Each structure stands twice: as structure tokens, then as C-alpha cells.
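This briefing introduces one protein model to a reader who has not met it before. Please keep the sequence and the structure in view while reading.

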Amino acid sequence: MNTGNRGFWSWFLQRITALLLVMGMAVHFFTFHFSPGRYSARYYEEIVHRFCAPGWIAFHLCLLALVVFHGLNGLWGIVIDFRMSKKATCLFKWCLWITGIIVFGAGLYVSICFARQNSSF
């Protein structure tokens, strides 16, 4: 456990987000993929209606934020372990920030567009 170079909070938040991701993915899968009556003819409409509810949109956006943070924080930990130059580390940090903002923004855009097209949002 090399937390000296990465910092305690990076290490700690990686573990917390992993735990939250496991719980969030379990809720998602059991609610959206393993629901009773999933073989009925109107199952798709029920899932779309459920997904378009504001609470579920917020849940999925939180899940997306956890995924993005967990993945990019993991990449950051790998970069720190390589002990690259300060300039390269700073450049990589900015690339991760920009990537995270773009990925989260794309997920936010898709969620809102899907909800607007499929409900009275």
C-alpha cells in the first residue's frame, strides 16, 4: 500500500467509490435488468418510464460521476507510481480532468436528451 506519493485522500476515495459503485451497480441491475415481469410485452416501456423519472436520472448521474472519478483516479495512481517528471505529471493531470469533464458532460447530455424524447420532461 503505497499511499505516500498519491496521498491519503486519493487512496481513501478510491476505496469509498469502489464500495459505492458495487452498491449502485447492484441497485441498477436488480431494478432495471432483473425486474419481475421482464419478459412481458410492455417491459421496455416500463424501463423507459422508470429511467425518465427525475430520481432515477439523478441516481444514474451520480453513478456516472462515481465511475468517472474511480476510473480516472485509478489512472492517476498509476501515473504517480511511474514517478514521471513534474511537467509530464501536471500535463497528465490536466488531461485526466478534461477527459473526466467531457465524459461526464456527454453522459449528462445523453441522459437529458433520452428523458426529453421519452417523457414529458
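Accessible areas are obtained by the Shrake-Rupley method with a 1.4 Å probe, and for residues only the protein chains shown count as cover. On that basis the protein exposes about 8,500 Å², of which carbon and sulfur atoms supply 74%. The model is predicted: local features need pLDDT of at least 70, side-chain atom pairs count only at pLDDT 80 or more, and totals for chains, interfaces and linings use all residues. Residues are numbered from 1 along each chain as its sequence is written, and side-chain values use heavy atoms, with hydrogens and water left out.

**Confidence**
- The average pLDDT (the predictor's confidence in each residue, from 0 to 100) is 85 for the protein, and 87% of the residues score at least 70.
- Among the elements, helix α4 (residues 86–118) has the highest mean pLDDT, 92, and helix α2 (residues 43–51) the lowest, 77.
- Where pLDDT is low, the predicted coordinates should not be read in detail.

**Overall architecture**
- The protein has four helices and zero strands; helices (H or I, at least four residues) and strands (E, at least two) are DSSP runs numbered from the N terminus.
- Buried residues make up 28% of the 121 residues, where buried means under 20% relative accessible area, exposed over 50%, and partly exposed in between (1.4 Å probe, protein chains only).
- Of the contacts (heavy atoms within 4.5 Å) with a separation of 6 or more, 69% are accounted for by residues 24 or more positions apart.

**Nonpolar patch**
- Phe8, Trp9, Phe12, Leu13, Ile16, Leu19, Leu20, Met23 and Phe69 make a nonpolar surface patch of about 840 Å².
- Patches are made of residues with over 30% relative accessible area and no salt bridge (a side-chain nitrogen of Lys or Arg within 4 Å of a carboxyl oxygen of Asp or Glu); like charges are joined within 9 Å, and nonpolar side chains (Val, Leu, Ile, Met, Phe, Trp, Tyr) within 5 Å.
- Helix α1 (residues 8–32) gives the most to this patch, with eight residues.
- Leu20 lies in helix α1 and is partly exposed, with a relative accessible area of 37%.

**Thr31**
- Thr31 is placed in helix α1 and counts as buried at 18% relative accessibility.
- A polar atom of the Thr31 side chain lies 2.7 Å from the backbone oxygen of Val27.
- Leaving aside neighbours within four places in sequence, Thr31 is in contact with Ile47, Arg50 and Trp56.

**Arg83**
- Arg83 is in the loop between α3 (54–82) and α4 and counts as exposed at 63% relative accessibility.
- The phi of Arg83 is near 55 degrees, a positive value in a residue other than glycine.

Terms used: Polar contact = N/O pair within 3.5 Å; in protein donor to acceptor, adjacent residues only side chain to side chain.
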